[in-house]
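Student: I would like to go through the terms used for this model and ask what each one rests on.
Tutor: Go ahead; here it is.

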Amino acid sequence: MTTQTAPAAKDLSAPQSAPAARDLSTPRTGGQHRTTAVSGGATGADQPAPDRGRTSIADVVVVKVAGIAAREIPGVHDMGGGLSRTIGAVRDRVPGGRANVGRGVKVEVGERQTAVDLDLVVEYGVSVMDVARDVRENVIDAVERITGLEVVEVNITVNDVHLPDEDESENSAGSRVE
């Protein structure tokens, strides 16, 4: 039997009253990796198999699930603010580099709930409200289905609109030879 230790895991044995909205006094996760216990298990051979042990979900899991779910929606061109997109573009061009699916995603994860903030760049010509609605629905569905956490809110900030002619200028500026 393997024992898993979660340094930032919380005790779920006491009854909890869930707030309707997230508690803003809790600091947001930046680059740190926190782990939250989402099910408290019992120990002992007399317990049913599904209840033996505990399940912990790291914040980065919620970040990745939300980022992938948001990018699946047509009309989402990119995610993140201007500086993070610039750094991401450089990182994507480095050989061996991989895309950061968490760019533009911030989460707060509690014991049984999570809140998600997204920064989007939408394609020109799409309805921003329709894209935001579709992103919100897809993120909530994916996070709740995959992690089992209840999503209390998904806040979306549209930072930019991607224009069709921007692709041509980016490609021509990147190379001096044909």
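Student: What span is expected for H1, and what span does H1 reach?
Tutor: In this predicted model, H1 has 13 residues and reaches 19 Å from its first C-alpha to its last. The expected span is 1.5 Å times one less than the number of residues, which gives 18 Å for H1, so the two values are close.

Student: Why is Val63 called buried?
Tutor: Buried means under 20% relative accessible area. Val63 has 15%, so it counts as buried. Val63 lies in helix H1, where the buried residues also include Asp59, Val62, Ala66 and Ala70.

Student: What does Val63 touch beyond its neighbours in sequence?
Tutor: Leaving out residues up to four places away, Val63 touches Val101, Gly102, Val105 and Val107. A contact needs heavy atoms within 4.5 Å. The C-alpha atoms of Val63 and Val101 are 8.0 Å apart, with their positions 38 residues apart in sequence.

Student: What makes up the largest nonpolar core, and which residues have the most contacts inside it?
Tutor: That core has 27 residues, and Val105, Val116, Leu118, Val135 and Val139 have the most contacts inside it. Two or more residues each come from helix H1, strand S3, strand S4, strand S5, helix H3 and S6. Val139, for one, is in contact with Ala66, Ala69, Ala70, Val116, Leu118 and Val154, not counting neighbours within four places in sequence. In soluble globular proteins, nonpolar side chains tend to be buried together.

Student: Is Arg103 buried or exposed, and how do you know that?
Tutor: Arg103 has a relative accessible area of 11%, and the limit for buried is under 20%, so Arg103 is buried. Arg103 is in the loop between helix H2 and S4. Its C-alpha atom is separated by 9.0 Å from that of Asp78, 25 residues apart along the chain.

Student: Why is the pair Asp130 and Arg133 called a salt bridge?
Tutor: The rule asks for a side-chain nitrogen of Lys or Arg within 4 Å of a carboxyl oxygen of Asp or Glu. The closest N and O atoms of Asp130 and Arg133 are 3.1 Å apart, so the pair qualifies. Both residues lie in helix H3, 3 residues apart, about one turn of the helix.

Student: What makes Asp130, Arg133 and Asp134 a network?
Tutor: Arg133 also meets Asp134 in a salt bridge, at 3.3 Å from N to O. Salt bridges thus link Asp130, Arg133 and Asp134.

Student: How do you know that Asp141 and Arg145 form a salt bridge?
Tutor: Their N to O distance is 3.8 Å and the limit is 4 Å, so the pair is counted. Asp141 and Arg145 both lie in helix H3, 4 residues apart. By this rule the count comes to 4 salt bridges.

Student: Why is Asp141 called partly exposed and Arg145 exposed?
Tutor: Exposed means over 50%, and partly exposed covers the range from there down to the buried limit. Asp141 has 42%, so it is partly exposed. Arg145 has 58%, so it counts as exposed.

Student: Why can Val161 belong to a surface patch?
Tutor: A patch takes residues with over 30% relative accessible area and no salt bridge. Val161 is at 32%, so it passes the accessibility limit while counting as partly exposed. Val161 is in strand S6 and shares the nonpolar patch with Tyr124 and Leu163, about 270 Å² of accessible area together.

Definitions and conventions:
Residues are numbered from 1 along each chain as its sequence is written. This is a predicted model: local features need pLDDT of at least 70, side-chain atom pairs count only at pLDDT 80 or more; totals for chains, interfaces and linings use all residues. Side-chain values use heavy atoms; hydrogens and water are left out. Patches are made of residues with over 30% relative accessible area and no salt bridge: like charges are joined within 9 Å, nonpolar side chains (Val, Leu, Ile, Met, Phe, Trp, Tyr) within 5 Å. Accessible areas come from the Shrake-Rupley method with a 1.4 Å probe; for residues, only the protein chains shown count as cover. Buried means under 20% relative accessible area, exposed over 50%, partly exposed in between (1.4 Å probe, protein chains only). A nonpolar core is a set of buried Ala, Val, Leu, Ile, Met, Phe, Trp, Tyr and Cys residues joined through side-chain atoms within 4.5 Å.
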